[in-house]
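Thank you all for coming, and please have the sequence and the model open while I talk. I will begin with the sheets of one chain and then move on to the place where two chains meet.

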Amino acid sequence: MIELKNVCKSYNKGALRAVDDLTLAVRPGEIFGFLGPNGAGKTTTIKMIVGILAPDSGTIVIEGLDNRKEPLACKAITAYVPDAPEIYERLTGMEYLNFIGDVYGVLAGVRTERAGRWLDVFELDAVAADPIQTYSHGMRQKIVLAGALIVEPRVFVLDEPLTGLDPRSAHHLKEAMRSHCDRGGTLFFSTHVMEVAEKFCDRIAIIHRGKLTACGTLAELRRQAGESESLEKIFLELTES
Amino acid sequence: MRRLLALLRTGLRQNFALALLKHKVLKERKDIWLVLLAAIGLLSLLPVLWGYVTLLRHIFSILKPMNQETALLTLAILAGQFLILVFGLFYVLSAFYFARDLEFLVSLPARPFEVIGAKFGVILVNEYLTVLFVVAPVFVVYGILAGKPIGYWPLAAIVFLLLPVMPLALAGLLVMAMMRLVNVSRKKDFLILAGSLTLMTITIFLQLGLASNRNPDELMKFFTAPDGLVRLVGEKFPPCIWASRALAEGSSSVGLVSLVLFVGVSIGVLLLLLLAAEKLFYRGLIGLSEMAARRKKLSKGAMAKGFSRVRGSGQAIVLREWRLMNRTPIFLLNGILSVILVPVMIFFMVRSESGSMTTGILKILGSGNRTAGILFAAVFFIACGCLNGTASSTFSREGKNFWISKVIPVAPARQVMGKFLHSYLVAVLGTLGGSLAARFALGLGWQIILPAALLALTAGVLFTAVNMAIDLARPLLTWTNPQRAIKQNLNVVLAMALDAGIVFAFYYLAQFLRQAGLDGSMLITALFVALIVLAATAVFLLARFADRRYATIEI
């Protein structure tokens with residue numbers, strides 16, 4: 001469960017409001033899609049949820065824990081994948097996964113099983129012993145995802161996770177996320193792909209210029225927008241300048 | 001040419017982060033303190049500058065009666081050019097081959113010589129800042145004391161502006177030739193390291209070779225002949241003689257010929273670099289980031305073995321630091337390798353005449369005044385262990401990967417202690433190397449080395465914590481060129497300045513304690529206790545600071 005209450009974040013001494021009084025809740029077992037145009041405040045919101053940025057005001061609660069007051073406990077139950085796979089290029093894939101396993105306290109047996117599974121699913125098992133520097137963009141994205149998946153946290157926060165993934169890996173990731181949420185976990189993810197949001201998400205929020213413009217199931221969004229058309233059309237209407 | 005200028009303008013703005021600084025200071029109104037700090041830093045250099053100028057005036061007054069005052073110019077030019085050649089090797093290697101903007105630059109419709117020309121220009125501007133404090137005061141002191149006419153000053157400006165061109169272009173040519181050879185191999189990282197060390201060794205030996213010995217009769221000839229000392233200093237590197245004569249002789253025929261030679265050769269070497277860039281640059285660069293990969297599917301057994309070793313979070317962080325530092329050639333050259341190189345260089349330097357003089361002084365210090373010997377050796381060990389930038393770039397080195405440190409469930413204090421252990425390990429290795437050099441190259445006794453090493457190891461805790469705190473206060477995380485994270489990082493310079501301040505404070509404390517009547521052993525013990533207290537406090541405060549600071553670093 002993730003709850004954001006009146007969260008604000010501004011830059012340039014308040015001149016630029018990146019996130020403006022954002023309030024939303026992601027329930028357990030829910031796949032929550034976060035949409036918005038470029039520069040709408042999606043990544044800023046995500047970075048505040050995982051503790052990379054501090055909100056100017058408001059609270060963010062993850063599984064009942066305030067992420068400012070109990071940051072370590074929140075981090076221990078959250079896995080984050082950024083939009084750009086900036087990662088330790090000089091480590092091998094296996095060393096990176098071991099580092100993540102060590103800092104999240106994943107036991108050896110569990111780590112071996114999960115790492116083996118995800119390296120196989122993402123077809124990284126042939127490169128696990130090679131430096132990440134030798135990986136393509138998509139492979140880097142997959143090793144960061146594998147790092148998040150071996151932790152098996154309660155909450156996944158993924159910033160455009162499908163960008164750069166091949167269709168097979170995207171399919172496996174979506175299946176894994178569905179199964180994670182069916183077990184009561186939470187997934188908060190941002191995307192630009194309307195089709196994915198439409199088919200994959202239980203609920204969707206649309207943010208525009210830092211403000212929440214719509215939030216609900218696809219049916220609810222259609223009702224709010226008075227549209228019976230696609231999510232793309234609703235999105236375009238809600239985010240029109 | 002227009003493309004070259006556009007690339008140069010963009011490169012300079014990127015190098016000095018002008019847009020970012022303007023945005024932070026003027027728009028976000030952040031980092032204003034940094035501007036103040038830089039101003040204070042510059043002001044604090046004034047006393048040092050005054051001391052330097054006084055020394056130069058003194059040297060001038062000694063050389064003048066012998067008609068050898070022009071040697072002051074030759075010495076300054078030679079020192080400046082060698083400084084640029086040695087440091088330039090790293091700058092050039094990093095800027096030409098490891099900057100992250102290269103993939104973008106290569107894709108532009110620009111010729112290799114334009115890319116190299118722009119990169120060369122950026123390094124050149126950086127080098128002006130380096131030599132400004134070494135060479136410019138000499139030109140000014142000489143100009144005033146020799147009563148040079150007004151025509152001297154534009155000549156001095158021309159020589160100053162051209163001073164770094166030749167050594168940097170030579171460094172560029174050497175590095176491009178090396179990288180062309182390295183890029184055919186699969187073991188690129190190893191060859192880059194080996195090649196860089198070889199080039200550095202060659203330049204250092206060249207420098208030592210210049211200080212070759214002569215018998216007293218030969219030396220006397222140089223002192224009695226007009227301009228003799230200039231020839232003695234610059235005989236193995238004639239451009240220094242040309243530059244000195246261009247300044248000293250002014251509009252005379254000797255002066256003009258020297259100026260034409262200096263300007264012509266500088267521009268000639270630069271053109272050679274640009275020409276070589278067309279032939280060598282892309283061949284050395286393209287495919288450089290492609291590393292040898294095994295691409296071999298792991299067996300179940302190998303997988304189980306690979307994931308079987310579970311470590312604590314602190315241990316995992318130390319291991320990460322160690323691997324990232326030592327597997328990045330630029331970081332390795334400035335870390336472990338630099339602490340190994342210092343003792344090796346000392347070993348070779350003491351083989352020279354001036355070196356044996358140093359050994360003699362040290363022996364006298366060691367035998368005559370044991371306390372002074374211990375303190376002197378301790379400062380030397382501290383320099384060996386702590387002046388390498390490992391601690392003062394520990395956060396900056398993470399760059400854009402710092403998001404990982406922000407999201408992992410490990411308390412910042414614990415993360416920082418992991419980083420501390422890694423940096424301190426490098427300091428310990430430096431102290432160890434310094435101790436071995438002191439024993440086997442300088443011939444100091446263990447009775448001096450052991451207490452000095454103990455002091456240095458304790459001081460290492462203090463300096464590591466202080467240096468890390470400086471980098472934590474303003475980590476440079478947006479670099480595109482790893483060189484900027486360590487070699488061109490202001491934090492490293494600030495840390496060195498602060499370290500020097502602490503050493504001076506301890507020097508005055510030692511003076512005070514001696515005047516208060518403490519004998520040698522008591523004085524060393526008192527300093528040791530003071531260092532322990534300060535070191536423990538610094539580590540405690542660093543951990544507290546980390547918990548507060550990590551939350552506010554935004555990336």
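Before I name any pair of strands, let me say that two strands count as paired if DSSP finds at least two bridges between them, and that the strands (E, at least two residues) and helices (H or I, at least four residues) are DSSP runs, numbered from the N terminus. What you see is a predicted model, in which local features need pLDDT of at least 70 and side-chain atom pairs count only at pLDDT 80 or more, while totals for chains, interfaces and linings use all residues. Residues are numbered from 1 along each chain as its sequence is written, chains are lettered from A and ligands numbered from 1 in the order in which they are written, and side-chain values use heavy atoms, with hydrogens and water left out.

Let us start with E1(A) and E4(A), which are antiparallel and joined by five bridges; within this pairing, Ile2(A) has Ile62(A) of E4(A) as its bridge partner. E1(A), which covers residues 2-11, is also joined to E2(A), again in the antiparallel sense, by seven bridges, and here Leu4(A) is partnered by Leu24(A) in E2(A). The hairpin that E1(A) and E2(A) make has four residues between the strands, and Asn12(A) takes a positive phi near 55 degrees there.

On the other side of the story are E4(A) and E5(A), an antiparallel pair with two bridges, in which Val61(A) stands opposite Asp66(A) of E5(A). These two strands, E4(A) and E5(A), also form a hairpin, this one with two residues between them, and Glu63(A) in its turn has a positive phi of about 50 degrees.

Put together, these four strands of chain A form an open, antiparallel sheet in the order E2-E1-E4-E5. Which strands stand at the edges? They are E2 (16-26) and E5 (65-66) of chain A, and because each has a single partner strand, one side of each is left without a neighbour in the sheet. Helix H1 of chain A, residues 42-49, packs on this sheet and touches E1, E2 and E4, contact meaning heavy atoms within 4.5 Å. The direction of H1(A) makes about 120 degrees with that of E1(A), where axes are lines fitted to C-alpha atoms, for helices over the stretch in contact, and angles run from 0 to 180 degrees between N-to-C directions.

Chain A has another open sheet, of six strands with mixed pairing, in the order E6-E7-E8-E3-E9-E10. Its edge strands are E6 (78-81) and E10 (211-216) of chain A, each pairing on one side only, and the twist from one strand to the next averages 15 degrees. E9(A), residues 203-208, pairs with E10(A) in the antiparallel sense over five bridges, with His208(A) and Lys211(A) as bridge partners.

Now to the interface, where 50 residues of chain A and 49 residues of chain B take part in the contact. About 4,400 Å² is buried between the two chains, with carbon and sulfur atoms giving 60% of that; buried area is the accessible area (1.4 Å probe) that two parts lose on being put together, summed over both.

How many salt bridges does the rule find across this interface? There are three, a salt bridge being a side-chain nitrogen of Lys or Arg within 4 Å of a carboxyl oxygen of Asp or Glu. Glu95(A) forms one with Arg327(B) at 2.6 Å, N to O, which runs from helix H3 (residues 93-104) of chain A to helix H15 of chain B, and Glu95(A) also meets Arg323(B) in a salt bridge at 3.6 Å, N to O.
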